[in-house]
Amino acid sequence: MTIATLSRRTLLQAGGALLASTALPTFALAQGAPAGGRLIVAADSEPKNLNPAIVASNGVFFIASKVVEPLAEASFDGKDGLAPRLATSWEGSTDGKSVTFKLREGVKWHDGKPFTSADVAYSALNIWKPLQNLGRLVFANLEAVDTPDATTAVFRFSKPTPLQLIRNALPVVSSVVPKHLYEGTDIATNPANVKLVGTGPFKLTEYKPGEYYRLTKNADYWGKGEPKLDEIIFRVLPDRAGAGAALEAEEIQLAAFSAVPLTDLARISKVPGIKVISKGYEALTYQLVVEINHRRKELADVKVRQAIAHAIDKKFVVDTIFLGYAAASTGPVPKNAPEFYDASVPTYAFDTAKANALLDEAGYKKGAGGTRFSLKLRPAPYFNETKQFGDYLRQALAAVGIDAQLINADSAAHQKAVYTDHDFDLAIGPPVFRGDPAISTTILVRSGIPAGVPFSNQGGYENKELDGIIAKAAETVDTAARTELYKQFQKIVATDLPLINVAEWGFITVARDTVQNVSNNPRWAVSNWSDTALKS
Amino acid sequence: MNRAIRLIRRRAISSIPVLLIVVVLTFLLLESASGDAVDAYLLSIGGGDATIAQSLRQAYGLDQSMLARLWLYFSSLATFDLGWSVAFGRPVLDLIFERLPNTLLLMGSATALSFGLGSALGIVAGAKPESIMDRMLSTGSLILYAIPSFWLGLVFSIVFAVQLRWLPTSGIETIASGKAGLARAMDIARHLILPVGALALIYMALFLRVMRAGMAEAWTLDFVLFARSKGLSRTRIVLRHVARNALLPLVTMLGLQSAAMLGGSVVIESIFAIPGFGRLAQEAVSGRDAPLLMGIIVVSAVLVICVNLLVDLVYAALDPRVGASEPNS
């Protein structure tokens with residue numbers, strides 16, 4: 001054996017033997033995985049409440065979506081972009097005041113009790129509508145849920161509610177929890193919020209705080225031949241560099257949600273046996289947005305807002321800050337939502353001369369030192385990219401004579417300063433587009449939202465025409481007419497610029513190539529992984 | 001023996017006001033930070049509405065005045081109840097007892113290793129001041145001391161875990177391994193090698209330098225001169241006279257370093273994904289979790305007080321001049 005053929009393993013064993021002889025008698029080579037499949041995944045947070053019916057957020061879904069299922073999941077090729085889960089079909093009445101769901105037969109909860117329409121009715125009326133962070137909006141007008149038989153649930157609304165909205169919201173807001181464990185208890189403190197009981201392909205069998213969540217195969221799962229894996233372990237790895245190292249060392253097989261930093265991707269993609277995948281996040285597109293405080297005199301002038309839009313080089317942002325893993329935005333609806341996306345909105349090409357001219361026109365001439373006015377700029381600290389864009393925006397604004405003072409704070413302080421105290425002029429936020437503008441996009445520009453609501457119209461923008469369109473779309477049952485209203489909505493936002501959309505991005509999954517069926521739906525990381533498998 | 005008991009009693013009494021001050025200062029510090037636990041929570045769930053925020057603030061008593069909350073905290077503290085963690089939704093005491101052992105293990109091993117190695121190498125360096133060995137060790141320790149612990153941790157992880165694959169990259173034990181007893185202990189030991197190494201090397205450098213300095217000073221003292229004139233062997237002089245004398249400042253240092261190491265463990269625990277005290281503290285701060293953070297600070301303060309007490313006891317045993325009423329041991 002030459003040096004060249006001396007494999008890493010041999011060295012490893014030699015090293016192991018050396019260490020073992022001195023102090024450590026046992027020396028396991030790999031983290032012992034039973035044949036047939038234990039998938040170990042990096043998780044970077046531990047949600048306090050793991051119940052996706054109450055907390056509809058990606059952090060919760062990442063783990064809970066394998067255990068608790070929604071009525072339908074997003075799909076690349078299904079009708080209306082959906083694949084059935086607990087519901088097999090859904091139909092809206094012509095007056096828009098009811099939606100009938102046919103539910104799957106023969107589904108059992110993890111504790112063996114049968115799943116019925118009563119569970120859906122209970123979840124909708126007692127959790128989604130009154131308690132859930134996103135469901136409150138979608139089901140605001142839900143009055144009753146009729147259950148004529150065990151596999152039919154009829155949602156009744158007090159006002160016409162577009163089926164299109166319900167449909168688009170299903171993957172996010174419709175996680176069903178068992179009525180028999182929640183009825184008559186305090187829902188907020190029910191132990192089942194942490195020790196989840198669902199209908200999904202995996203059961204949550206163990207949680208070791210700070211270390212891991214262990215999900216094991218549900219042998220009674222309704223999907224034939226599913227799940228493929230015996231076990232999924234979510235290993236808590238708070239340090240981002242740690243996830244990359246653990247992947248390389250084959251201690252974990254998958255890291256989703258860009259757990260491996262973008263700057264490490266070029267290197268790690270060259271490691272044999274590791275794949276970098278950017279598919280699978282289409283239905284959870286994040287948007288890089290410049291939030292504007294319209295209470296500030298200068299920013300209330302549309303010419304100034306246009307000037308800021310012209311001062312930003314979106315291509316530079318995409319190429320340099322996102323290293324290409326993003327796209328330039330045109331407006332408040334991302335390209336990944338083709339149902340609504342309209343490219344024919346006003347756009348603002350990178351043009352500092354034009355920006356300078358607009359600012360002159362608005363009456364803010366350059367003063368001594370070339371500065372027109374100063375602004376307080378608060379980039380959200382949640383992502384590296386939002387912070388980096390803050391640095392970039394400061395420079396871009398300086399180029400047109402606007403002096404931006406950067407204020408960096410941690411999450412809680414940023415949230416309070418921007419959304420409660422309105423102590424900012426410009427802020428940089430990463431709102432999420434969740435399949436339908438009505439879920440979490442119109443809230444960014446609608447007027448009359450109280451202070452303290454994260455990811456809302458914190459800039460105090462007011463536009464009666466826009467408010468009117470948003471209100472009308474909320475009750476327009478006809479899908480084509482409703483879609484048309486949202487095209488108008490995009491045009492008005494792109495014209496009047498209550499906020500400036502700069503870029504839109506999905507996350508990156510990094511996986512060992514032994515993991516199969518990765519990223520095969522637009523919400524893959526937060527879907528149920530029933531067909532995910534490990535090549536032996 | 002009486003002396004030890006008296007010392008312990010005196011310390012216990014004097015530590016009460018210290019703890020009170022620590023709690024009040026922590027509370028005020030956290031109070032002066034912008035944003036509260038509900039702000040942090042709403043962000044973590046990606047949004048909500050004003051009524052959710054209001055009802056949460058009510059549930060956690062965050063809508064009450066600062067003084068009312070402080071009073072509430074003290075009254076529950078009086079019954080040894082550390083309160084309820086907002087960010088984790090669990091009792092603070094449970095969280096602390098879950099995480100403390102990992103940190104004690106990490107800190108204890110790192111302290112023992114750095115103290116042992118540091119003093120031993122310090123003796124070697126100080127035995128012959130200005131020799132080549134001394135210069136090498138002194139320069140080496142200076143370089144080590146200048147390295148930040150997170151960098152050392154990352155390098156260790158890349159070299160020994162990713163490249164060579166001798167050791168695991170992170171965690172406190174093999175997850176869901178089902179190991180028990182000795183096998184589990186060995187597994188934990190294996191996981192601790194890199195984090196303990198990263199933490200210990202830096203403090204080792206400090207102990208080495210203090211030991212060496214102490215020895216260099218002791219060489220010039222009269223009793224060493226006397227020992228040399230008696231014709232004692234060099235080894236005997238170094239170990240019995242010089243090193244023993246130089247050990248005293250090292251023991252003092254040990255007490256001081258225990259607090260610093262508690263801080264250093266925050267970084268190491270994050271890099272190596274060890275569910276410990278430091279990481280809990282970091283999560284408490286970013287979650288604006290006042291009860292949890294105060295619980296952590298109180299327990300840390302008690303820990304530091306205990307370690308310092310222990311150090312004083314050891315000091316008294318080492319140096320008969322401390323507490324002169326006792327006869328020499």
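**Figure 1. The second largest pocket, seen through its lining.** By class, 21 nonpolar, 7 polar and 6 charged residues make up the lining of the second largest pocket. Keep in mind that this is a predicted model. The pocket's volume comes out at about 950 Å³. If you want to find its middle, go to Lys48(A), Asn49(A), Ala188(A), Thr189(A) and Asn193(A), which lie nearest the centre among the 34 lining residues. Chain B has a hand in this pocket too: its helix H3, residues 50-59, gives the most to the lining, with 4 residues.

**Figure 2. Where chain A meets chain B.** Here we're looking at the contact between the two chains, with 56 residues taking part from chain A and 57 residues from chain B. The size of an interface is often given as the accessible area lost when the parts come together. For this pair, the area buried is about 4500 Å², and carbon and sulfur atoms give 58% of that. Which residues of chain B lose the most area to chain A? They are Leu43(B), Arg165(B) and Ile175(B), and together they make up 18% of what the chain B side buries.

**Figure 3. Chain B on its own.** Zooming out a little, chain B has 12 helices and 0 strands. Reading along the sequence, you get the pattern α-α-α-α-α-α-α-α-α-α-α-α. The C-alpha trace of chain B spans about 85 × 55 × 40 Å along its principal axes. Chain B has 329 residues, and 47% of them count as buried. As for how chain B holds contacts along its sequence, take those with a separation of 6 or more: residues 24 or more positions apart account for 73% of them.

**Figure 4. The largest cavity in the structure.** There are 4 cavities of 30 Å³ or more in this structure. Rolling a probe the size of a water molecule over the atoms shows where empty space is left. The largest cavity has a volume of about 90 Å³. Of its 15 lining residues, Thr330(A), Gly331(A), Tyr348(A), Leu497(A) and Asn501(A) are the closest to the centre. Two elements of chain A, helix H16 (479-496) and strand S19 (499-505), give two or more residues to the lining of this cavity. The largest share, 3 residues, comes from S19(A). Sorted by class, the lining of the largest cavity has 9 nonpolar, 5 polar and 1 charged residues.

**Figure 5. Strand S19(A) and its partners.** The strand from the previous view gets its own close-up here. How many of the residues of S19(A) are buried? The count is 7 of its 7 residues, so it's fair to call the strand mostly covered. S13(A), residues 285-292, runs antiparallel to S19(A), and 6 bridges join the two. To get your bearings on that side, look for Val290(A), which stands opposite Ile500(A) in S19(A). S14(A), residues 327-328, also runs antiparallel to S19(A), joined to it by 2 bridges. There, Ala328(A) has Ala503(A) in S19(A) as its bridge partner. In a regular strand the side chains alternate between the two faces of the sheet.

**Figure 6. The second largest cavity.** With a volume of about 60 Å³, this is the second largest cavity. Its lining includes Glu291(A), Ile292(A) and His294(A), along with Leu444(A). The run Ser456(A), Asn457(A), Gln458(A) and Gly459(A) lines the second largest cavity as well, as do Pro498(A) and Leu499(A). Split by class, the lining of the second largest cavity has 4 nonpolar, 5 polar and 1 charged residues.

**Figure 7. Strand S7(A) between two antiparallel neighbours.** Strand S7(A) covers residues 152-157, and 5 of its 6 residues are buried. S5(A), residues 98-103, pairs with S7(A) in an antiparallel way through 5 bridges. One pair to pick out there is Lys102(A), which stands opposite Thr152(A) in S7(A). What joins S7(A) to S6(A), residues 142-149? Another 5 bridges do the job, and these two strands also run antiparallel. On this side, Val145(A) has Phe155(A) in S7(A) as its bridge partner. S6(A) and S7(A) form a hairpin, with 2 residues between them.

Conventions:
Residues are numbered from 1 along each chain as its sequence is written. Chains are lettered from A and ligands numbered from 1 in the order in which they are written. This is a predicted model: local features need pLDDT of at least 70, side-chain atom pairs count only at pLDDT 80 or more; totals for chains, interfaces and linings use all residues. Side-chain values use heavy atoms; hydrogens and water are left out. On a 1 Å grid over the protein atoms alone, a cavity is a set of points where a 1.4 Å probe fits but cannot get out, and a pocket is an open set with protein on both sides within 12 Å along at least five of seven lines; lining residues have an atom within 4 Å of a point. Grid points are joined across faces, edges and corners, and a volume is the space filled by probe spheres set on the points. Ala, Val, Leu, Ile, Met, Phe, Trp, Tyr, Cys and Pro count as nonpolar, Asp, Glu, Lys and Arg as charged, and the others, Gly among them, as polar. Buried means under 20% relative accessible area, exposed over 50%, partly exposed in between (1.4 Å probe, protein chains only). Two strands pair if DSSP finds at least two bridges between them. Contact means heavy atoms within 4.5 Å. Buried area is the accessible area (1.4 Å probe) that two parts lose on being put together, summed over both.
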